[in-house]
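Please work through the following exercises with the sequence and the model side by side, and try each task before reading its solution.

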Amino acid sequence: MSEMIRVEKLNKSFGDLHVLKDIDLEVYENEVVCLIGASGSGKSTLLRCLNFLEVKDDGKVIFAGDTIELKTHNINEVRQKVGMVFQHFNLFPHKTVLQNVTEAPIMVRKIDRKQAEEDGKKLLDKVGLGDKYNVYPGKLSGGQKQRVAIARALAMKPDIMLFDEPTSALDPELVGEVLETMKQLAREGMTMIVVTHEMGFAREVADRTVYMHDGRIVETGDSKDFFANPKEKRTQEFLSKVL
């Protein structure tokens, strides 16, 4: 398996708050990695550093063998390869579902509109929204909006998808439909890093699970082993509270 992303000794502070402390992590092609841990442990900040929405203080972010730095790389070009789905859907309310999905391919990748619409419809079919092309986001449930957001990220044909707690803003009965879409992506071999509180998803779908606490990676392991036999005391304590 070839390496997709590697971070080495990654540090990030916000003022006096040291949020990421010497993070080392590698993610391989076609792998699903879940980041778990209490709120404030640094999971979302790590994800945002991988997409360059936050600028690291020091350390390395290596993408497909290339060490990415703000001064040497066009970060917008790098971001096109790294799809991101947030807690909140950030859809354009004045555009239809299909227009939301085709906007970036047309504007950023300069894809022909007809082609972009064809691709966009296929993606919406894939996430179970083939009957919603011309609907506006205001008419959708939270779960449907999040599936549009996933289709929108996929429309850029990224090499890797980052999910930042994609179900945490949803009503409980809508969580399943979003997780099902993500499982489908995993089955198709999409490389994914997922910050989640859904332990069942991590156990079932992730190849590896990473437990973070206080800005550090405490434990990482094959997901089946990780949940069955956590090795670190802190991991055991965390899992005993959430499982």
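The exercises go from the whole chain to single strands, a helix and individual residues.

This is a predicted model, in which local features need pLDDT of at least 70 and side-chain atom pairs count only at pLDDT 80 or more, while totals for chains, interfaces and linings use all residues. Residues are numbered from 1 along each chain as its sequence is written, and side-chain values use heavy atoms, with hydrogens and water left out.

**Exercise 1. The chain as a whole**

Describe the secondary structure, the extent and the burial of the chain.

Solution. Begin with the secondary structure, which comes to 9 helices and 10 strands; helices (H or I, at least four residues) and strands (E, at least two) are DSSP runs, numbered from the N terminus. The radius of gyration is 18 Å, close to the 18 Å that the globule rule gives for 243 residues, so the chain is as compact as a globular protein of that length. Here the radius is taken over C-alpha atoms, and the rule is 2.2 Å times the number of residues to the power 0.38. Next, the C-alpha trace spans about 55 × 45 × 35 Å along its principal axes. Turning to burial, 50% of the 243 residues count as buried, where buried means under 20% relative accessible area, exposed over 50%, and partly exposed in between (1.4 Å probe, protein chains only). Finally, consider contacts (heavy atoms within 4.5 Å): of those with a separation of 6 or more, 66% come from residues 24 or more positions apart.

**Exercise 2. Strand S9 and its partners**

Determine which strands pair with S9, in which sense, and how far S9 is covered.

Solution. Two strands pair if DSSP finds at least two bridges between them. Strand S3 (residues 32-36) runs parallel to S9 and is joined to it by 4 bridges, and in this pairing Ile36 has Tyr211 of S9 as its bridge partner. Strand S10 (residues 216-222) pairs with S9 in the antiparallel sense over 6 bridges, with Gly221 of S10 as the bridge partner of Thr209. S9 and S10 form a hairpin with 2 residues between them, and Asp214 in the turn has a positive phi of about 55°. As to cover, 5 of the 6 residues of S9 (residues 208-213) are buried, so this strand is largely enclosed by the rest of the structure.

**Exercise 3. An open sheet**

Give the strand order of the open sheet and identify its edges.

Solution. The order of the 4 strands is S2-S1-S4-S5, with antiparallel pairing. S2 and strand S5 (66-67) stand at the edges with a single partner strand each, so one side of each is left without a neighbour in the sheet. Strand S1 (residues 3-14) and strand S4 (residues 58-63) are paired over 5 bridges in the antiparallel sense, and Arg6 has Ile62 in S4 as its bridge partner.

**Exercise 4. Two residues of S2**

Compare the settings of Val19 and Asp22 in the edge strand S2.

Solution. Val19 lies in strand S2 (residues 17-28) and, at 11% relative accessibility, counts as buried. Leaving aside neighbours within four places in sequence, Val19 is in contact with Lys12, Ser13, Phe14, Ser41, Gly42, Thr45 and Gly215. For Gly42, the separation from Val19 is 23 residues in sequence and 5.7 Å in space, C-alpha to C-alpha. Asp22 also lies in S2, but counts as partly exposed at 41% relative accessibility; its phi is near 50°, a positive value in a residue other than glycine.

**Exercise 5. Helix H1**

Establish how many residues of H1 are buried, and name them.

Solution. Helix H1 (residues 43-50) is mostly covered, with 6 of its 8 residues buried. These buried residues are Lys43, Thr45, Leu46, Leu47, Cys49 and Leu50. After H1 comes Phe52, with a positive phi near 65°.

**Exercise 6. Val85 and Lys157**

Decide for each residue whether it is buried or partly exposed, and state where it lies.

Solution. Val85 has its place in strand S6 (residues 82-85) and is buried, with a relative accessible area of 1%. Not counting residues up to four places away in sequence, Val85 touches several residues, including Gln146, Ala149, Ile150 and Ala153, as well as Met161 and Phe163. Lys157 is found in the loop between helix H5 (142-154) and strand S7 (160-164), counts as partly exposed at 49% relative accessibility, and has a positive phi of about 55° although it is not a glycine.
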